[in-house]
Amino acid sequence: MRRFIIMLMVCTMHCLCVLAQDGVFKTKIYNKEHDLVMDINLYEEKVRIPGQEVLGLVYGYLKKTTDSRVWIVMGVEISDDGRSARIEMINDYGSEDLEASMAVGDDGVYTLKQLEGSTIKVAGRGKWIKLPKVINFKKEK
């Protein structure tokens, strides 16, 4: 009985530690250089895209702050360490998609790296602008 209680306590502590880390990919992050925002919850489909509620709940989205078009996070696979994830994204027209990785560093900087598929493009200055393959995001203070 004593071993059972000890094992139960160990399991409970492990679960609490996992839950404490669970917020790293449930956030809103920004890239000021390209005027981008990402609102994500890579744990559950709980994010609603403003102005596009008809799409329902998703894992998150990326958009230029001055435009309503978005890239939607449709699929997620979080790594065992909980600090990186592989994500599948699609534009809101459904015409382009890609796979990317997202990781958070010890300094709190989120790095989105496009791996394969289409290149992320956003509207700006009257034309489509291709974003770099690697983009860093930070939380606003």
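# A predicted chain built around an open antiparallel sheet

In strand β5, the residue that serves as bridge partner of Ile-40 is Gly-60. That single bridge is a useful place to enter this structure, which is a predicted model, since β2 (residues 36–41) and β5 (residues 60–64) pair in the antiparallel sense over five bridges. The chain as a whole has one helix and twelve strands, and from the N terminus on the helix is followed by the strands, in the run α-β-β-β-β-β-β-β-β-β-β-β-β. Of its 141 residues, 35% count as buried, and among the contacts with a separation of 6 or more, 35% are made by residues 24 or more positions apart.

**The open sheet**

- Strands of a sheet pair through backbone hydrogen bonds, either parallel or antiparallel.
- In this model, eight strands form an open sheet with antiparallel pairing, and their order is β1-β2-β5-β6-β7-β8-β9-β12.
- The strands at the edges are β1 (26–31) and β12 (134–137), and because each has a single partner strand, one side of each is left without a neighbour in the sheet.
- From one strand to the next, the twist of this sheet averages 25°.

**Strand β2 and its neighbour β1**

- Strands β1 and β2 run antiparallel and are joined by six bridges, one of which links Asn-31 to its partner Leu-36 in β2.
- The hairpin that these two strands make has four residues between the strands, and in this hairpin Asp-35 takes a positive phi near 60°.
- Strand β2 is mostly covered, with six of its six residues buried.
- Leu-36, Met-38 and Ile-40 point one way from β2, while Val-37, Asp-39 and Asn-41 point the other way, and the residues of both groups are buried.
- Thr-27, which lies in strand β1, has a relative accessible area of 10% and is therefore buried.
- Once its neighbours within four places in sequence are left aside, Thr-27 is in contact with Met-38, Asp-39, Ile-40, Tyr-110 and Lys-139.

**Strands β6 and β7, with Ile-87**

- Strand β6 (residues 70–78) and strand β7 (residues 84–91) pair in the antiparallel sense over seven bridges, and within this pairing the bridge partner of Ile-78 is Ala-85 in β7.
- Ile-87 has its place in strand β7, and with a relative accessible area of 0% this residue is buried.
- Leaving aside its neighbours within four places in sequence, Ile-87 is in contact with Leu-42, Val-73, Gly-75, Val-76, Leu-98, Glu-99, Ala-100 and Leu-112.
- For one of these contacts, the separation can be given in two ways: Ile-87 and Leu-98 are eleven residues apart in sequence, and their C-alpha atoms are 8.5 Å apart in space.

**The aromatic pair**

- A pair of aromatic rings is described by the distance of the centres and the angle of the planes.
- When the whole structure is searched, one aromatic pair is found, and it is an edge-to-face pair of Phe-25 and Tyr-110, with 6.3 Å from centre to centre and 65° between the planes.
- Phe-25 lies in the loop between α1 (2–21) and β1, whereas Tyr-110 lies in strand β9 (residues 110–117), so the pair ties together parts that are 85 residues apart in sequence.
- Both members of the pair, Phe-25 and Tyr-110, are buried.

**The hairpin of β10 and β11**

- Strand β10 (residues 121–124) pairs with strand β11 (residues 127–130) in the antiparallel sense over four bridges, and in β11 the bridge partner of Lys-121 is Lys-130.
- Two residues lie between the strands of this hairpin, where Arg-125 takes a positive phi near 55°.

**The largest pocket**

- Rolling a probe the size of a water molecule over the atoms shows where empty space is left.
- The largest pocket of the model has a volume of about 160 Å³.
- Its lining is made up of 14 residues, of which Trp-71, Asn-91, Tyr-93, Lys-121 and Trp-128 lie nearest the centre of the pocket.
- The elements that give two or more residues to this lining are β6 and β10, and the largest share, three residues, comes from β10.

Conventions:
Residues numbered from 1 in each chain as written. Predicted model: local features only at pLDDT ≥ 70, side-chain atom pairs only at ≥ 80, totals over all residues. Heavy atoms only, no water. Pairing = 2+ DSSP bridges. Axes fitted to C-alpha atoms, helices over the stretch in contact; angles between N-to-C directions. Phe/Tyr/Trp six-rings, centres within 6.5 Å; stacked < 30°, edge-to-face > 60°. Buried < 20%, exposed > 50% of the residue type's maximum accessible area, 1.4 Å probe, protein only. Contact = heavy atoms within 4.5 Å. 1 Å grid on protein atoms, 1.4 Å probe; cavity = no way out; pocket = protein on both sides within 12 Å on 5 of 7 lines; lining within 4 Å. Points joined across faces, edges and corners; volume = space filled by probe spheres on them.
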